[in-house]
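Reader: I should like to learn how to read the features of a model such as this one. May we take them in turn?

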Amino acid sequence: MALVARVRALLLPGSRLRGATLGRAANGGGAGARRALSHRVLVEADPAAGVAVVKFRNPPVNSLSLEMLTELGICLEKLENDKTVRGIVLTADRPGIFSAGLDLTEMCGRNPAHYAEFWKAVQELWLRLYQSNMALGAAINGTCPAGGCLLSLTCDYRILADNPKYTIGLNETQLGIFAPFWFKDTMVNTIGHRATERALQLGLLFTPAEALQVGLVDQVVPEDQVQSTALSVMSQWLAIPDHARQLTKTMMRKATVDQLLKHREADIQNFVSFISRDSIQKVLQVYLQKLRKKNH
Ligand SMILES: CCCCCCCC/C=C/CC(=O)SCCNC(=O)CCNC(=O)[C@H](O)C(C)(C)COP(=O)(O)OP(=O)(O)OC[C@H]1O[C@@H](n2cnc3c(N)ncnc32)[C@H](O)[C@@H]1OP(=O)(O)O
C-alpha cells in the first residue's frame, strides 16, 4: 500500500491517529513550544528557534511497525511543509530505548504482500530522512539497535547518552539476517568502509565509549543533557544559510540515494524472498520467542 493509502487507512473512523497527527498545533502556532499529538509520535516545535523535537512513543520498545513508520512519515512530511521548521531532533519520548529497530512481528508469519508493503514503508522513511532538506539531529536517549541505529544514521549528527546499558549498531547478523546495501552504505558514509565491514559482519552493538571512538556518534553526554546538547548543536547547523547547507548535503548523499532509487523494486523483491525463506522465518521466530520468554 502506498503512503497515501496507508494514511487513509490510519485516518478511518476509529483510528486513534484520526484528527491528531494532522491537527494544528495546540496553541495555534504562536511563538514558543507547541505540541501536536499523534498516537505514536509526539512533536514539540519551537518556531522561534526553527526547530521541532520529534519524540517516538510506541511502547514498549519504540519498534518500527508499519503504523509507526507511517505516522513518522506523515509527521516528517508535515514538518517539511512547515516554513517555520528548519531543523528536527529525533528522540524517544522516554529514556531507555531510542528504538528497538524494525518490528520483528512485521517480518514473521505474514504473507509476501505484507512483507513487500512493510519493506516499501521502510524504504520510504529512509528516503524521506536521508534526503531531508532540514538539518536533522538524533538525541539518542536509549538503546539503539538495527533499524533504530539506521534512523539515527540518517541524521546529520548524533548525541548519545553516557549510559553503558545503551548500545548502538547494526546487529542484524546476530539475528541471522543481514543489513541490506543501503543500511550498509549509510553506515559506510558515517564511519568508513573497514569499520563498517567489521561492525556488520560481527553484528556489533557499540557501548557509548566505543561508538564515540569509531565515529558512530559525535558526542557522548550525561543522560540528562542529551536533548539540550542536541538542540545546542542544532543551532550551529542552522547558523549556516539553508541553501548552502542543503546543496552540500545533497551532494554528499546523492550517490547513496540514487542507488536505492535505481534498485528499489529489486530490493523489495529481494527482501520478500529472503524473509519468506523457512530457515529465516525460523531464526526470527526463535529470536522473538527468546525476547518474549524473558518476560513470561
Ligand atoms: C535484501 C535485503 C534482505 C535484508 C533482510 C533483513 C533486513 C532487516 C533488517 C532488520 C533490521 C531490524 O531492525 S531487526 C530488529 C533488531 N532489533 C533487535 O535486535 C532488538 C531486539 N530487542 C531487544 O534487544 C530488547 O527488547 C531491548 C534491548 C530493545 C529492550 O529490552 P527490554 O528488556 O527493555 O524489553 P524486552 O526485551 O522485554 O521487550 C519488551 C517487548 O517488546 C518486544 N520486542 C522487543 N524488540 C522488538 C522488536 N524489534 N520487534 C518487535 N517486538 C520487539 C519483546 O518481544 C517484548 O515482548 P513481550 O512484551 O511480548 O514479551
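Author: The dialogue below goes from the whole chain to its sheets, its backbone and its ligand shell. Please keep in mind throughout that this is a predicted model.

Reader: How many helices and strands does the secondary structure of the protein chain contain?

Author: The protein chain has twelve helices and ten strands. Of its 296 residues, 40% are buried. Taking contacts between residues at least 6 apart in sequence, 71% join residues at least 24 apart.

Reader: How should one read a strand, and which way do the residues of strand 6 point?

Author: The general idea is that side chains in a regular strand alternate between the two faces of the sheet. In strand 6 (residues 135–140), Ala135, Gly137 and Ala139 point one way, while Leu136, Ala138 and Ile140 point the other way. Strand 6 is mostly covered, with six of its six residues buried.

Reader: Which strands pair with strand 6?

Author: Strand 4 (residues 87–92) pairs with strand 6 in the parallel sense over four bridges; within this pairing, Ile88 has Leu136 as its bridge partner. Strand 6 is also joined to strand 8 (residues 157–161) by four bridges, and these two run parallel. There, Ala139 of strand 6 has Ile159 of strand 8 as its bridge partner.

Reader: In what order do the three strands of the open sheet lie?

Author: The order is 5-7-9, and the pairing is parallel. The edge strands are strand 5 (96–97) and strand 9 (168–169), each of which pairs on one side only. Helix 4 packs on this sheet, where it touches strand 7 and strand 9, and its direction makes about 95 degrees with that of strand 7.

Reader: Which residues stand opposite each other in that sheet?

Author: Two bridges join strand 5 to strand 7. Gly96 has Gly142 as its partner, and Ile97 stands opposite Thr143. Strand 7 and strand 9 likewise pair over two bridges, with Gly169 of strand 9 as the bridge partner of Pro145.

Reader: How does one read a helix, and what span should helix 2 have?

Author: In general, an α-helix has 3.6 residues a turn, so residues three or four places apart point the same way. The length can be checked as well: at 1.5 Å a residue, the 15 residues of helix 2 (residues 66–80) should span 21 Å, and the end C-alpha atoms are 21 Å apart, which agrees. Helix 2 is mostly covered, since twelve of its 15 residues are buried. Among them are Leu66, Met68, Leu69, Leu72, Leu76 and Leu79, together with Glu67 and Glu71.

Reader: What should one look for in the backbone angles, and where is there a cis peptide bond?

Author: Most residues other than glycine have a negative phi, and most peptide bonds are trans. A cis peptide bond joins Pro59 and Pro60, with omega about 5 degrees. Pro60 belongs to the loop between strand 3 (51–56) and helix 2. Asn62 lies in the loop between strand 3 and helix 2, and its phi is positive, near 55 degrees. Ala146, in helix 4, also has a positive phi, of about 45 degrees, although it is not a glycine.

Reader: Are Asn62 and Ala146 buried or exposed, and why?

Author: The count of C-beta atoms within 10 Å decides this, and 20 or more make a residue buried. Asn62 is buried because it has 27 such neighbours; Ala146 is buried, with 26.

Reader: May we apply the count to Val220, and ask what it is in contact with?

Author: Val220 is in strand 10 (residues 219–221) and counts as buried, with 21 C-beta neighbours inside 10 Å. Beyond its neighbours within four places in sequence, Val220 is in contact with Leu160, Asp162, Pro208, Ala209 and Leu212. By contrast, 32 Å separate its C-alpha atom from that of Thr105, which is 115 residues away along the chain.

Reader: Finally, how is the shell around the ligand to be read, and which residues come nearest?

Author: One may ask which residues approach, what supplies them and of what kind they are. Of the 30 residues around the ligand, Gly101, Leu102, Ala146, Gly147 and Leu291 come nearest. Helix 11 (264–276) is one of the elements that supply at least two residues each, and helix 11 gives the most, with five. By kind, the shell divides into 17 nonpolar, eight polar and five charged residues.

Definitions and conventions
Residues numbered from 1 in each chain as written. Predicted model: local features only at pLDDT ≥ 70, side-chain atom pairs only at ≥ 80, totals over all residues. Near = placed C-beta within 6 Å. Nonpolar A, V, L, I, M, F, W, Y, C, P; charged D, E, K, R; others polar. Expected span 1.5 Å × (residues − 1). Pairing = 2+ DSSP bridges. Contact = placed C-beta atoms within 7 Å. Axes fitted to C-alpha atoms, helices over the stretch in contact; angles between N-to-C directions.
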